[in-house]
Every structure is written in C-alpha cells, then in structure tokens.
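This briefing goes through strand pairing, helix packing and a few single residues. Please keep the sequence and the coordinates at hand while reading.

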Amino acid sequence: MSTRHRILVMAHAHPDFSLGGGELAAYNLFKAYREHEAVEEAWFLGRADRGRGATGAISLRRPNEYLWEQAVHDWHMMKAVHQDSLTTWFADLIRALRPTVVHTHHYAHMGLEYLRVIKQIDPRIRIVLTLHEYMAICRNDGQMIKTGSFQLCSRESFDECHQCFPDKSAEDFWLRKHYFQSYFKFVDQFVSPSEFLRQRYIAWGLKPEQITVIENGQSDAAPIPPRPLLEGERRNRFGFFGQINPFKGLDVALQALHELPKADRKQIVLEVHGANLDRQPPDYQDRIRSLSEALLKQNVVRWVGPYQPHELRTRMAGIDWVIVPSIWWENSPMVIQEAFVCGRPVISSDIGGMREKILNGIDGIHVPAGNPVSWGQALRTAASSPDIWARYAGGIQRPASHDICASVHIQSVL
C-alpha cells in the first residue's frame, strides 16, 4: 500500500472566480502539493457561484479541479443551503477520490457540515483546516471590529456581540460558539499563518498543540530591481494594493496626505491599485472620492485600478514602498509577503499580523493604526530620507516559496 498522501484541497472560492488571499493561498498550495514527491495525487475543490444559485452541483473545471455550487443561508450558524448535496454529490466525490488528507481553507459559503460528512465517510481521513481570519470568533465577517463604531475587539464577549447584532441575544452567541466548536472537533489539526491569530484562537478555546503557525507560500521569482530614479528624485512613490473597503484603511492614508503641509504633500505620490470601491457602502464611496479629488488634481494620488495576479510585479516595479494601512486585526495580508518577494519595504499599521510580519526599522515601518497624523509623518519620513529605503530593502528576508510551504505542511501537519 502506498504511503504517499492523497490530498484534497478545499477553499471557499476558486481563483477563476475570486482572487482573495485565502483562495489564492489554497490554490497555490494545491499546485505545490501536486508536484511534491510525498504526494501521490492532489485535487482542488472550490466553491463557485455560476449564476444558478446554490444547486449543490459539483462539476469538473479542469483535470483535478472541481467547482461546488454551494452557499450559506445562515451566516450566524454557518449552515449550508444545499443540505442534500452534502450526503450525495459531496460524499460521492470523497468516496471517488479517496483522499488521505482533506486540507480545507474555509467554511464560508460552504457551511460547517461538510467536516462531519468527511469523517462519517472515512474516520481515517485527516482534516487540516487553515484559519485565515476570525470568523468563528466574530460574527462581523470575522473582523473582530464593532459594527458602526469600528472599534477593535480584543476578545470575545457574548454581551458585546449582542450589542453589534441586537437581533441575537447573548445566549444566541453562546450557542454559536459551542456549535462552531462541535464541528471543529472533526478537525485533526489547525494551521494559522500568524502567531497573532493562533493566540486569538487559543484564547477562544483551541488547544495550543492543535494549531500550528505556517506562513502562506509565495512565488520564488527574483526581486524586482529598484525603480530607476531621475536626477534629484527620491524614493517617494507609495503603492496601495488590494481590496478597497472600510477595513483596509485607504481613507486613513488619503487623510494623512491632507494633514501634511502642501510642500511636503507634493513630494509624495500614492498609487492606488485597488478594486471593488463600487461595492462599498455609499457613504464610504463618497468619503474616498471626496478625499481623492484634490489629491488627484495635484498629482499626489494616481488611481491605477484593479489588477490580476500576473500583473502585480509590473505594478510594483513602478513604486518604492507598499503601504498597508488596515484598521482591523489583519492575520497575514498577502500583499506584505508579495511586496517582500518583489524587494519592496512595507509601511503598515502596528496591529495584528501586520505588526508580526514587518520588522520595524529593518524591513519596514510600523504606524499607529487609524492615525492620519502619524501616517502622514511616516510617509514624509520615507519620502524625504535619502538612505532609509536602501537600508530597509536590504533588510528584507524572502518569504518561503510555495514548494517550501508545501513541504512544511507535509512534515508538520499532514
């Protein structure tokens, strides 16, 4: 009998339809598993919305890749819409593939119930769950940030959760926690991309030995050469990359530019490589547009727009610094590791996984989260100090490649 692994990787979306950090991390790990000598075969199952609703259907996307048209109807308890597909099509897929390991990266859009189904089919299948955020702890999309006030939550509190969601009692949130924990008992090992998130889940109830820290793998491409400078030019070009929403802090960075004296502001260029502003609440859209208007006219802000993953290196080649001004407890923002692969130092908020991933004064700068004045000072310092960029760029340690990441998973948790 073969001792090599047969691994099914699952994610809450397929990158063909969604380009979030969690699904990209899962898909890249799947591809690395396929090439690993310790793996006999690997497959990828991504949830997808193909415009037909939650039919429950599972279809072949391409060899070894499947789509599952599933959804969640009860976000409070994370219950799947199409229950019948769990014990029919999904169960049939598990029986047909005969995985020795299911490495899943989420339960959003799929529900928690599939964890039980896997063990019912074959208790010997090892389930590994990578936790990419705090959804089990926090009903507010796993942000651990209060609705309305955007105040950060440092711990769970059933009474405070009720204040965020008045239609649910404190008792409802107690039940929710124990419901999640009852399904997490089917998981053999948890993975966290940051120690910060690991500690949050230990405080929530997971045993320390149950959760291992493994950072998401990245491309092994060579660093990008520094941006060529014109005579007298400094490294004053900053880049914001990723989703534009109220949690990502772009408004903080824009306000920071307004806080600077005009002479300092005009020495800075902020490129916005972002997407989905049009999907945000109207008041947030208005705030971003209002803050951007004058800065665009001054050529301080340049709205570059969304990008595909293969375009990222070209985009980063034209900037000097990457900024991550998020106001929530980011776990392990993919853009930080991507910036380091490209050889670009990072300026980030000083909370959560951001504080952990960036070494202040070595490969980047920590800035008090949500503080426009401090952000303005940090941007001005980075843009005006002639030697700081070279020192921080030289301090970057390359992230582990996808192949190394797969090997660490195989050796540590599979």
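The points below are grouped by topic, beginning with the strands at the start of the chain. The model is predicted, and side-chain atom pairs count only at pLDDT 80 or more.

**Strands β1, β2 and β4**

- Strand β1 covers residues 5–11 and runs parallel to β2, the two being joined by 7 bridges.
- Within this pairing, Ala-11 has Gly-46 of β2 as its bridge partner.
- Strand β2 also runs parallel to β4 (residues 65–68), with 4 bridges between them.
- Gly-46 takes part here as well, since its bridge partner in β4 is Leu-67.
- Strand β2 spans residues 39–47, and 7 of its 9 residues are buried, so the rest of the structure largely encloses this strand.
- The connection from β1 to β2 includes helix α1 (residues 21–35), and the three elements form a right-handed β-α-β unit.

**Strands β7 and β8**

- Strand β1 pairs with β7 too, in the parallel sense and over 4 bridges.
- In that pairing, Ile-7 is opposite Val-101 of β7.
- Strand β7 (residues 101–104) sends Val-101 and His-103 one way and Val-102 and Thr-104 the other way, and all of these residues are buried.
- Such a pattern is expected of a regular strand, where side chains alternate between the two faces of the sheet.
- Strand β8 (residues 126–130) runs parallel to β7, and 4 bridges join them.
- His-103 has Val-128 as its bridge partner in β8.
- Strand β7, helix α3 (residues 113–121) and strand β8 make up a right-handed β-α-β unit.

**The six-stranded open sheet**

- An open sheet of 6 strands is ordered β13-β12-β11-β14-β15-β16, with parallel pairing.
- Its edges are β13 (301–303) and β16 (364–367); each has a single partner strand, so one side of each has no neighbour in the sheet.
- On average, neighbouring strands of this sheet are turned by 20° against each other, direction ignored.
- Inside the order, β14 (residues 321–324) and β15 (residues 346–349) are parallel and share 3 bridges.
- Ile-323 is opposite Ile-347 of β15.

**Helices α7 and α11**

- Helix α11 (residues 334–342) lies across β11 (237–243), β14 and β15, and runs at about 170° to β14.
- Gln-337 is located in helix α11.
- With a relative accessibility of 7%, Gln-337 counts as buried, because that value is under the 20% cut-off.
- The side chains of Gln-337 and Glu-215 make a polar contact at 3.3 Å.
- Leaving aside residues up to four places away in sequence, Gln-337 touches Glu-215, Gln-218, Lys-357 and Pro-399.
- Helix α7 (residues 250–259) is mostly covered, with 8 of its 10 residues buried.
- The buried residues of α7 include Leu-250, Asp-251, Gln-255 and Leu-257.

**Cysteines**

- The structure holds 0 disulfides.
- Cys-164 is in no disulfide, and its nearest cysteine sulfur, in Cys-153, is 5.7 Å away.
- Cys-164 is buried, at a relative accessible area of 17%.
- For Cys-342, the closest cysteine sulfur belongs to Cys-405 at 18 Å, which is too far for a bond.
- Cys-342 also counts as buried, with 2% relative accessibility.

**Arg-302**

- Arg-302 is part of strand β13, which stands at an edge of the open sheet.
- The relative accessible area of Arg-302 is 28%, so this residue is partly exposed.
- Arg-302 touches Arg-237, Val-269, Leu-270, Glu-271, Val-272 and Leu-296, not counting residues up to four places away in sequence.
- Arg-302 and His-162 are 140 residues apart along the chain, and their C-alpha atoms are separated by 41 Å.

How values were computed
Residues are numbered from 1 along each chain as its sequence is written. This is a predicted model: local features need pLDDT of at least 70, side-chain atom pairs count only at pLDDT 80 or more; totals for chains, interfaces and linings use all residues. Side-chain values use heavy atoms; hydrogens and water are left out. Buried means under 20% relative accessible area, exposed over 50%, partly exposed in between (1.4 Å probe, protein chains only). Two strands pair if DSSP finds at least two bridges between them. A crossover is right-handed if, with the strands pointing away from the viewer, the path from the first strand over the helix to the second runs clockwise. Axes are lines fitted to C-alpha atoms, for helices over the stretch in contact, and angles run from 0 to 180 degrees between N-to-C directions. Contact means heavy atoms within 4.5 Å. A polar contact is a pair of N or O atoms within 3.5 Å; within protein, one must be able to donate a hydrogen and the other to accept it, and residues adjacent in sequence count only if both atoms are side-chain atoms. A disulfide is a pair of cysteine sulfur atoms within 2.5 Å.
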